[in-house]
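Okay, thanks everyone, I'll keep this short. Let me put the sequence and the structure up, and then I'll talk you through them.

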Amino acid sequence: MPNLDAAFSALADPTRRAILARLALGEATVMELVEPFDLTQPAISRHLKVLEGAGLIVRRVEGTKRPCRLAPQAISEIDQWLAMLRQALSANYDRLDDVLAAMKT
């Protein structure tokens, strides 16, 4: 997971999270992504550059357009890391349940 730090840094910004949420619905161009925000096209493009650098999105050239889409591998890597944390928390709660059960008897 080499881009995990970059991915979480990119996700720290609410605008970038909103862009990713929009891209979860499907591919979109920069101009389509600009519509719901009170931001300029260059500002959205800078956000997209950060997301692309973090490996969270991929862009392709289609004439003069550059549609963006989610990069499934990056999302999968984040999910794997979070699964490790969920597993650790679950083990902690299981141990706590054991301690509480022992205290009752």
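I'll go from the overall fold to the shape, and then into the core.

One thing up front: this is a predicted model. In terms of secondary structure, we've got five helices and two strands. If you walk along the sequence, the order is α-α-α-α-β-β-α.

Now, shape. What radius of gyration does the protein have, against a compact globule of 105 residues? The globule would sit near 13 Å, and our protein comes out at 19 Å. The C-alpha trace spans about 70 × 30 × 20 Å along its principal axes.

On to the surface. The accessible area is about 7,100 Å², and carbon and sulfur atoms hold 58% of that. As for burial, 28% of the 105 residues count as buried. For the electrostatics people: there are 13 positive and 13 negative charges, and their mean positions lie 5 Å apart.

So what's inside? The largest nonpolar core has 20 residues, and the ones touching the most other members are Leu33, Leu48, Leu51 and Leu56. Helices H1 (4–11), H2 (14–23), H3 (30–34), H4 (41–53) and H5 (72–104) each put two or more residues into this core.

Let me zoom in on Leu56. Leaving out residues up to four places away in sequence, Leu56 touches, among others, Ala7, Ala10 and Leu11, then Leu20 and Leu51, and further along Ala74, Ile75 and Ile78. Arg69 is on that contact list too, along with Leu70 and Ala71.

Last number: take contacts between residues at least 6 apart in sequence, and 47% of them join residues at least 24 apart. That's me done.

Methods. Residues numbered from 1 in each chain as written. Predicted model: local features only at pLDDT ≥ 70, side-chain atom pairs only at ≥ 80, totals over all residues. Heavy atoms only, no water. Helix = DSSP H or I, 4+ residues; strand = E, 2+ residues; numbered from the N terminus. Rg over C-alpha atoms; globule rule 2.2 N^0.38 Å. Buried < 20%, exposed > 50% of the residue type's maximum accessible area, 1.4 Å probe, protein only. Contact = heavy atoms within 4.5 Å. Areas by Shrake-Rupley, 256 points an atom, 1.4 Å probe, with all protein chains shown as cover. Lys, Arg positive; Asp, Glu negative; His and termini not counted. Charge placed at Lys NZ, Arg CZ, Asp CG, Glu CD. Core = buried A, V, L, I, M, F, W, Y, C linked by side-chain atoms within 4.5 Å.
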